[in-house]
Each structure stands twice: as C-alpha cells, then as structure tokens.
Amino acid sequence: MTKNELKYYSSLNEKKIRNSEKKFIVEGIKIIEEAVLSNFVCELVAVSHHFAEKNVDLLIKLKNWNLPHQIISEKEIEKISDTKTPQGIIAVFNFPIDEKPVYFDKIIVALENINDPGNLGTIIRNCDWFGINTIYLSEDTADIYNPKTIRASAGSVFHINFVQKNFYKNIEILKSKEYLILCADLTGNNLYKFEERKNIVLVLANEANGPSSKILELSNCKITIPKKGKAESLNVASASAVLLSEFTK
C-alpha cells in the first residue's frame, strides 16, 4: 500500500471525509461479512501478514467473493484502524446509493440528537432485533458510519433503511399520513397503559436534554417507561429495547 493510499484510507475515520468521499471503514471478520452479504459495495479489504497466516480460509473466501484485497503490515493496519488493538482485517465500503423515505411501515423509529455513537449503534441493533426496517435521523444525531456506531450495531447498520435528511419535514409528512407520533419522555404517559396500536413513529431523543420543543409540537403523545427503583433515568438505548418490545409484541 502506498503512502498516499494509507493516508487516504486513514482519513476515512473523519466524518467530513467519509461524507465527501461517500466511503467508510469496517473492521472485523463478522461485520465485514455482514456488509458484503447485505450487498454493500466493497472497495478494498486489507489484512495484516499475521492475520493472513492464521486465516487462510478467509483469504480463499475473499477471492471467491471477488473482493479486492491486500496484505499489509501490522503498522499500516494500526494507522487505518481507529482502535488501539486492531483485529487485523479492515475493509472500505461505499455508502449505499439512495436513502428513501418510507411511509408504509407499521412502526418507524425516529432519532433526535442521539449524539453518542455507542448508543446509536445499540439502538440500531435493537431495532434490527425487533424487525424495524426504517430509522429517521435528525441532522445532529451521531454518524451511522462512525466506526464506533458500526461496532455497537454488530452489523445491524447494514440491515436498516436510514433517512438522514429533512427530519422534521418527514415527521410532518408521516403525521399527515395518520401515523401516531409518540415521543419517549420521562414525563409521558405510562407505556403499559397505552392501548392505541395504529401505525406509529417512535421518537427517541437525547437522554440528557430530552426531546426538543420542535419534536414535542409534532408529537401526538408522550410516553414513558414507569419507574420502579431509584435510578434517575434510563439509558436511551436500554429504553429503546423496552419500548420496541412492547410495541412489537
């Protein structure tokens, strides 16, 4: 790998470069395989010498998949990776071509200002588990192609349709199509006493700041998971699992 290539691929750890180049980095065998099987276009798979020696079968699989790959040094892997202890295999994928607003799923999740990549990835994983197909994200939500988000999603980021533009406008459109806009909030109505089961948009917001006034104005109702213990609040990713379990049962 040339110095220019190494510098270029390393730069994809920056959000602005990812967005301008429409490419992102994935690390680890299982998550790379998820991306490939989900028909994401792969530009390159780079493996370290040590990794290649221990995973000959994987190299054969890469050839069978017709994926361009290189064997590079451990130091080069370290420069591209954003982790302190790289797994020895990194891939570069292209962004999906289109993102399409969806107005027909029974349950849609909308995320407002979820700025922690770990929380975002876990929410994506939870959505995938409970069969959610589409997630709308506000512009101030963390980057879905941040390596931390991808790792936390355990590959689920490749199974979901994301809509990242015109967040509030799309919520308005969904509301006009008779979706019920439900905003999770500490002061909401008891989740377990909520009986309406029409098409819904479940809005999850920043756990520190709560939902914005803008999203509250668009909401039909606020809901909450009733508290039984002494904890001040529930992590937004944990809350998403509880809420989705109830609404998809």
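**Exercise 1.** In which loop is Ala-154 found? State whether Ala-154 counts as buried, exposed or partly exposed.

*Solution.* The model is a predicted one.
Step 1: Ala-154 sits in the loop between α8 (147–153) and β7 (161–163).
Step 2: The relative accessibility of Ala-154 is 35%. Buried requires under 20% and exposed over 50%, so Ala-154 counts as partly exposed.
Step 3: The backbone angle phi of Ala-154 is near 55 degrees, a positive value in a residue other than glycine. Most residues other than glycine have a negative phi.

**Exercise 2.** Locate Lys-22 and describe its phi and its exposure.

*Solution.* Step 1: Lys-22 belongs to the loop between α2 (15–21) and β1 (23–27).
Step 2: Its phi is near 60 degrees, which is positive although the residue is not glycine.
Step 3: Lys-22 has a relative accessible area of 47% and is therefore partly exposed.

**Exercise 3.** Which residues touch the most other members of the largest nonpolar core, and which helix gives the most to this core?

*Solution.* Step 1: The largest nonpolar core has 54 residues. Those touching the most other members are Phe-24, Phe-93, Leu-111, Ile-135, Phe-158, Ile-223 and Phe-247.
Step 2: Helix α11 (residues 236–247) gives the most to this core, namely 5 residues.
Step 3: Another core, of 16 residues, lies apart from the largest one; Tyr-168, Leu-174, Ile-215 and Leu-218 are among its members.
Step 4: A general tendency fits here: in soluble globular proteins, nonpolar side chains tend to be buried together.

**Exercise 4.** What does Leu-111 touch, leaving out residues up to four places away in sequence?

*Solution.* Step 1: With those sequence neighbours not counted, Leu-111 touches Leu-120, Ile-123, Ile-135, Tyr-136, Leu-137, Ser-138, Thr-141, Phe-167 and Leu-204.
Step 2: Of these partners, Ile-135 is also listed with Leu-111 among the residues that touch the most other members of the largest nonpolar core.

**Exercise 5.** Does the radius of gyration of the protein chain agree or disagree with that of a compact globule? Add the overall figures for the chain.

*Solution.* Step 1: For 249 residues, a compact globule would have a radius of gyration near 18 Å. The protein chain has 20 Å, which agrees.
Step 2: Along the principal axes, the C-alpha atoms fill a box of roughly 60 × 40 × 30 Å.
Step 3: The secondary structure comes to 11 helices and 10 strands.
Step 4: Of the 249 residues, 47% count as buried.
Step 5: The chain exposes about 13100 Å², with carbon and sulfur atoms supplying 49% of it.

Methods: Residues numbered from 1 in each chain as written. Predicted model: local features only at pLDDT ≥ 70, side-chain atom pairs only at ≥ 80, totals over all residues. Heavy atoms only, no water. Core = buried A, V, L, I, M, F, W, Y, C linked by side-chain atoms within 4.5 Å. Buried < 20%, exposed > 50% of the residue type's maximum accessible area, 1.4 Å probe, protein only. Helix = DSSP H or I, 4+ residues; strand = E, 2+ residues; numbered from the N terminus. Contact = heavy atoms within 4.5 Å. Rg over C-alpha atoms; globule rule 2.2 N^0.38 Å. Areas by Shrake-Rupley, 256 points an atom, 1.4 Å probe, with all protein chains shown as cover.
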